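Look at the model below before you read on. Keep the sequence at hand as well.

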Amino acid sequence: MILGLLIIILILYGLVLFWVLHERLKNISFLIHKYHETLKKMEEKVALLLSLTEEGGNRKTSVGLEDSFCFDVFDNQKNETDSKGDK
């Protein structure tokens, strides 16, 4: 009888752990999907920015991405999200 109760408790505990893990994986999947969409939008904006710099100026040298766009904006956003996560 005690063995049966222990098995039932173990099965219920396993189901609860599976449910919690499943919910956490759904949250992670949602975050990955959201960041993927954000990354696509950002890539489109950077491509548009690069095409505008190529059209706007008649430069004879090739322009690298680092020369035409400042990545400090992304560092500031990262710092803001880190500070929000700490609260």
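The report covers confidence, overall build, surface and a few side chains.

This is a predicted model. Its pLDDT averages 81, and 62% of the residues score at least 70. The protein has 3 helices and 0 strands. From the N terminus on, the order is α-α-α. Two of these helices mark the ends of the confidence range among the elements:

| Helix | Residues | Mean pLDDT | Rank among the elements |
|---|---|---|---|
| α1 | residues 2-56 | 92 | highest |
| α2 | residues 65-68 | 58 | lowest |

Where pLDDT is low, the predicted coordinates should not be read in detail. Helix α2, with its mean of 58, is the element with the lowest score.

Next, the surface. The chain has 87 residues, and buried ones make up 1% of them. The accessible surface comes to about 8300 Å². Carbon and sulfur atoms account for 65% of that area.

Which residues make the nonpolar surface patch? They are Met1, Leu3, Leu5, Ile7, Ile8, Ile9, Ile11, Leu12 and Leu15. The patch covers about 1000 Å².

Take Ile7, one of the patch residues. Ile7 lies in helix α1. Is Ile7 exposed, partly exposed or buried? Its relative accessible area is 44%, so Ile7 counts as partly exposed. The class runs between the cut-offs of 20% and 50%.

Last, the rings. The structure holds 0 aromatic pairs. One ring does have a charge over it: the charged end of Lys34 sits over the ring of Tyr35. The distance to the ring centre is 5.5 Å.

Key: Residues are numbered from 1 along each chain as its sequence is written. This is a predicted model: local features need pLDDT of at least 70, side-chain atom pairs count only at pLDDT 80 or more; totals for chains, interfaces and linings use all residues. Side-chain values use heavy atoms; hydrogens and water are left out. Helices (H or I, at least four residues) and strands (E, at least two) are DSSP runs, numbered from the N terminus. Buried means under 20% relative accessible area, exposed over 50%, partly exposed in between (1.4 Å probe, protein chains only). Accessible areas come from the Shrake-Rupley method with a 1.4 Å probe; for residues, only the protein chains shown count as cover. pLDDT is the predictor's confidence in each residue, from 0 to 100. Patches are made of residues with over 30% relative accessible area and no salt bridge: like charges are joined within 9 Å, nonpolar side chains (Val, Leu, Ile, Met, Phe, Trp, Tyr) within 5 Å. A salt bridge is a side-chain nitrogen of Lys or Arg within 4 Å of a carboxyl oxygen of Asp or Glu. Rings of Phe, Tyr and Trp (its six-membered ring) pair if their centres lie within 6.5 Å; planes under 30 degrees apart count as stacked, over 60 as edge-to-face and the rest as tilted. A charge sits over a ring if NZ of Lys or CZ of Arg is within 6 Å of the ring centre and within 35 degrees of the ring normal.
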